[in-house]
Amino acid sequence: MNGEPEDEEEEEEEMVDPLETLRQKCEETEHCVHTRERLELCETRVGSRSQTAEDCTEELFDFLHARDHCVSDKLFHSVK
């Protein structure tokens, strides 16, 4: 040792959550891209209005459902 204190935090590799990796891959699939586009269009439309009762809950749920369906399919096939 050279007398300098070791910083263990710098030596540790950052752990990557496999769920986040799968989510990112699934978000690139055609169905997820389509539902994300619908969500973004809704958010743009709602954001451009000063007063509206519309929200994008349905579009958000559609996107999350599509992504989670893809993730569960890939995740559970890898655990079998």
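User: Why is R67 called buried?

Analyst: In this predicted model, R67 has a relative accessible area of 12%, and the word buried is used for values under 20%. Since 12% falls under that cut-off, R67 counts as buried. As for its place in the fold, R67 lies in helix α4.

User: What does R67 touch, not counting residues up to four places away in sequence?

Analyst: With those neighbours set aside, R67 touches R23, C26, E27 and C32. One of these, E27, also takes part through its side chain, which makes a polar contact with the side chain of R67 at 3.2 Å.

User: What makes the pair of R67 and E27 a salt bridge?

Analyst: The side chains of R67 and E27 meet with a distance of 3.2 Å from N to O, and the definition asks for a side-chain nitrogen of Lys or Arg within 4 Å of a carboxyl oxygen of Asp or Glu. The distance of 3.2 Å is within 4 Å, and therefore the pair qualifies as a salt bridge. In general, side chains of opposite charge can pair when their charged atoms come close.

User: Why can one say that the pair of R67 and E27 ties together parts of the protein that are apart in sequence?

Analyst: R67 belongs to helix α4, whereas E27 sits in the loop between α2 (18-26) and α3, so the pair ties together parts that are 40 residues apart in sequence.

User: Which word fits E27, buried or exposed or partly exposed?

Analyst: The relative accessibility of E27 is 21%, and since buried requires a value under 20% and exposed a value over 50%, E27 counts as partly exposed. E27 also forms a salt bridge with R36, at 2.8 Å from N to O, and R36, at 30% relative accessibility, counts as partly exposed too.

User: Which residues are linked with E27 in a network of salt bridges?

Analyst: The network links E27 with R36, E40, R67 and D68. A search of the whole structure finds eight salt bridges, among them the one in which the side chains of E54 and R49 meet at 3.2 Å, N to O. In that pair, E54 has a relative accessible area of 27% and R49 has a relative accessibility of 42%, so both values lie in the range called partly exposed.

User: How do you know that E59 has no salt bridge?

Analyst: For E59, which is buried, the nearest side chain of opposite charge is that of R38, 4.3 Å away. A salt bridge needs a distance within 4 Å, so the 4.3 Å to R38 does not meet the definition. E59 is nevertheless in contact with R38, and, leaving aside neighbours within four places in sequence, it is also in contact with L39, C42 and R45. The place of E59 is in helix α4, which covers residues 57-79.

User: Which residues make up the largest nonpolar core?

Analyst: The largest nonpolar core has seven residues, namely C32, L39, C42, V46, C56, F63 and A66. Helices α3 (30-47) and α4 each supply at least two residues of this core, and α3 gives the most, with four residues. One of the core residues, C42, is in contact with E54, D55, C56 and E59 when neighbours within four places in sequence are left aside.

User: Why does A66 count as buried?

Analyst: A66 has a relative accessible area of 7%, and since this is under 20%, A66 counts as buried. Found in helix α4, A66 touches H31, C32 and T35, not counting residues up to four places away in sequence. A66 and H31 are 35 residues apart in sequence, and their C-alpha atoms are 6.9 Å apart in space.

User: How many helices and strands does the protein have?

Analyst: The secondary structure comes to four helices and zero strands, and read along the sequence it follows the pattern α-α-α-α. Of the 80 residues of the protein, 18% count as buried. The protein exposes about 7,000 Å², and carbon and sulfur atoms supply 50% of that area. Among contacts between residues at least 6 apart in sequence, 57% join residues at least 24 apart.

Key
Residues numbered from 1 in each chain as written. Predicted model: local features only at pLDDT ≥ 70, side-chain atom pairs only at ≥ 80, totals over all residues. Heavy atoms only, no water. Buried < 20%, exposed > 50% of the residue type's maximum accessible area, 1.4 Å probe, protein only. Lys, Arg positive; Asp, Glu negative; His and termini not counted. Contact = heavy atoms within 4.5 Å. Core = buried A, V, L, I, M, F, W, Y, C linked by side-chain atoms within 4.5 Å. Polar contact = N/O pair within 3.5 Å; in protein donor to acceptor, adjacent residues only side chain to side chain. Areas by Shrake-Rupley, 256 points an atom, 1.4 Å probe, with all protein chains shown as cover.
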